[in-house]
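Let's take a walk through a protein together. Keep the picture open while you read.

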Amino acid sequence: MIPYFLLLLGVVVLLFGIIRLFRYMLKSNQECGAWKTSNWIISWKHNIGSFINLCLSHLNGATNAKTELCESHECIRCNAYRNLLEEVPVKFNEYLEKHPSVSNHQIKRLKMSINNGIDTIKLKNANGSSQHPNVLYMVDLLAKPWHEKAYRTEQKFLEQNFSVIFKEFQHVSKLSNGWITNRVPSGQWHVFHLINQGKHVFDNCQHCPETIRLLQTLTKIMHSNVFGNVLFSVLDPGTIIEPHCGPTNVRLRLHLGLKVPLQSAYITVDNVKRQWVEKECIVFDDSFVHSVKHTGGYTAGYRAVLMLDFWHPDVTDEEKDAINYIFQL
């Protein structure tokens with residue numbers, strides 16, 4: 001027979017666990033109005049799973065990097081890339097016909113990359129490279145995971161205007177519309193696009209007029225093809241985004257730290273782990289294997305960044321023009 005004090009202790013522990021779980025779910029759903037879901041049952045079921053994964057996070061190991069387009073028919077991004085790949089040869093020839101002044105020499109590298117693209121990527125994989133773009137691999141671009149010195153002027157400009165950007169982020173974080181939630185087994189992250197796959201999201205942009213004004217002065221932002229994005233990204237506590245690769249090496253990705261929990265959120269690119277810092281930028285090539293982790297508990301709060309895609313500095317103006325035409329949704 002179980003002593004009464006042990007039963008009482010068990011009840012206290014159970015109640016304590018329920019209270020912590022309730023606080024975790026409440027925080028996840030109410031901390032920002034933007035991240036509520038209309039189907040609260042699904043949301044709360046997911047939060048229970050996230051809470052369990054938080055408790056078991058130390059058991060999570062690295063998995064093989066996702067380097068191929070996924071097979072889900074509901075994945076808008078991968079389906080967009082897949083449809084584009086089928087049209088690339090035709091659109092490349094269309095571009096040459098419409099731009100007779102562009103010589104083969106000026107876009108020779110792009111032509112070779114398109115003609116031999118898949119074979120080139122497979123060759124890189126066979127050679128043990130951790131760079132695995134799955135849509136467009138441009139040959140002869142400087143290949144390294146981290147680009148600390150790239151776009152230093154742009155980095156400094158964004159850091160100097162942090163307060164303006166952060167103020168508008170705080171505004172949109174309270175909106176109930178415009179946010180998209182991405183779910184993984186360990187948790188979730190949320191994105192608020194200003195540019196999504198080369199297209200301005202005008203309903204979202206109207207909430208960030210000053211941020212848009214600042215971005216319009218940055219001429220090297222990629223904004224006219226399927227590879228270009230500008231967005232606010234919010235990562236929930238406990239979330240692990242497993243190793244994966246971006247679609248192309250013709251871009252570099254910049255993050256401006258907006259809200260960063262201390263010592264619990266970090267990004268790993270090609271086995272080099274770094275933490276975000278509020279008011280500071282990092283620049284990396286997301287065609288290399290990379291992953292993201294937020295190991296903090298619910299009290300740590302979320303991680304938020306402004307994410308921007310820039311052209312790789314080695315891509316020429318003629319190549320940019322052609323890529324914008326060929327890889328446009």
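What follows starts with the whole protein and then moves in on its strands and cores.

First, some ground rules: this is a predicted model, where local features need pLDDT of at least 70 and side-chain atom pairs count only at pLDDT 80 or more, while totals for chains, interfaces and linings use all residues. Residues are numbered from 1 along each chain as its sequence is written, and side-chain values use heavy atoms, with hydrogens and water left out.

The protein has 10 helices and 11 strands; these are DSSP runs numbered from the N terminus, helices being H or I with at least four residues and strands E with at least two. Of its 329 residues, 50% are buried, meaning under 20% relative accessible area with a 1.4 Å probe, counting protein chains only. About 17000 Å² is exposed, and carbon and sulfur atoms supply 57% of that (areas come from the Shrake-Rupley method with a 1.4 Å probe).

Now find strand β4, residues 230-235. Six of its six residues are buried, so β4 is largely enclosed by the rest of the structure. In a regular strand, side chains alternate between the two faces of the sheet. Here V230, F232 and V234 sit on one side and L231, S233 and L235 on the other, and all of them are buried.

What are the partners of β4? Strand β2 (residues 187-196) runs antiparallel to β4 and is joined to it by six bridges, with H193 partnered by L231. Strand β11 (residues 303-311) also pairs with β4 in the antiparallel sense, over six bridges, and there L235 has R303 as its bridge partner. (Two strands count as paired if DSSP finds at least two bridges between them.)

F232 of β4 also turns up in the largest nonpolar core, which has 56 residues; F227, F232, V250, I323 and F327 touch the most other members. Such a core is a set of buried Ala, Val, Leu, Ile, Met, Phe, Trp, Tyr and Cys residues joined through side-chain atoms within 4.5 Å. Another core lies apart from it, with 18 residues, including W146 and F284.

Elsewhere, look for an open sheet of four strands in the order β5-β10-β7-β8, paired antiparallel. β5 (240-244) and β8 (272-275) stand at the edges with a single partner strand each, so one side of each has no neighbour in the sheet. The partner of β5 is β10 (residues 290-294), over three antiparallel bridges, and I240 stands opposite K293.
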